Amino acid sequence: PSTQGYLDVAAAYRAAGVRDKAFDYLSEGVRRDPTDAALHDALARAWRDWGFPDRGLTAAHRAVYYAPQSAEARNTLGTVLWALGNRAEARQAFEQSAQLDPQAWYAWRNLCEAAMTDGRTKDATTLCRRANALRKSAAGRAR
């Protein structure tokens, strides 16, 4: 039992389509290590993906609290806030994520989508291009 172990097993269950078992492993991980940001982040995403972002909000805030310099945790908070309809707060979280890690293509993609939703086409085009370039660059490094 380790944080990475719980995350890995949860990811395997999620990939196999067994979300409830994935959630059980994440919950057990948090029970064993209540200050682990990655586990809280994964729980927040699970609730969001299930269509219950309100239930994931606390976990998203805890992830940011325990890892204030994590671009991923800020981005997850933004996606939960977005799903709740808190667009301005979500944009702020996406901007903070991109500031923490300028290579975080997912934050730029979310900023792109936010700009499109706002009807800021010119801004959206620039943000989307940046997100795509960063994503391609990250994929190339992963090989």
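**A walk through an eight-helix chain**

Start at Leu39. Leaving aside residues up to four places away in sequence, Leu39 touches Thr3, Tyr6, Leu7, Leu26, Gly29, Val30 and Asp33. Keep in mind that this is a predicted model.

Leu39 also belongs to something bigger. The largest nonpolar core holds 35 residues. Leu39 is among those with the most contacts inside this core, along with Leu26, Leu43, Trp108, Leu111 and Leu127. The elements that each give two or more residues to the core are α1 (3–15), α2 (19–32), α3 (37–49), α4 (53–66), α5 (71–83), α6 (87–100), α7 (105–117) and α8 (121–142). The largest share comes from α3, with six residues.

Now step back to the whole chain. The secondary structure comes to eight helices and zero strands. Read from the N terminus, the order is α-α-α-α-α-α-α-α.

How do these helices fill space? The C-alpha trace spans about 45 × 35 × 30 Å along its principal axes. The radius of gyration is 16 Å, which agrees with a compact globule, because a globule of 143 residues would have a value near 15 Å. Contacts also reach along the sequence. Among those between residues at least 6 apart, 41% join residues at least 24 apart.

Last, look at inside and outside. Buried residues make up 37% of the 143 residues. The chain exposes about 8100 Å², and carbon and sulfur atoms supply 49% of that area. Charge comes from 21 positive and 16 negative side chains. The centres of these two sets lie 6 Å apart.

Technical notes: Residues numbered from 1 in each chain as written. Predicted model: local features only at pLDDT ≥ 70, side-chain atom pairs only at ≥ 80, totals over all residues. Heavy atoms only, no water. Helix = DSSP H or I, 4+ residues; strand = E, 2+ residues; numbered from the N terminus. Rg over C-alpha atoms; globule rule 2.2 N^0.38 Å. Buried < 20%, exposed > 50% of the residue type's maximum accessible area, 1.4 Å probe, protein only. Contact = heavy atoms within 4.5 Å. Areas by Shrake-Rupley, 256 points an atom, 1.4 Å probe, with all protein chains shown as cover. Lys, Arg positive; Asp, Glu negative; His and termini not counted. Charge placed at Lys NZ, Arg CZ, Asp CG, Glu CD. Core = buried A, V, L, I, M, F, W, Y, C linked by side-chain atoms within 4.5 Å.
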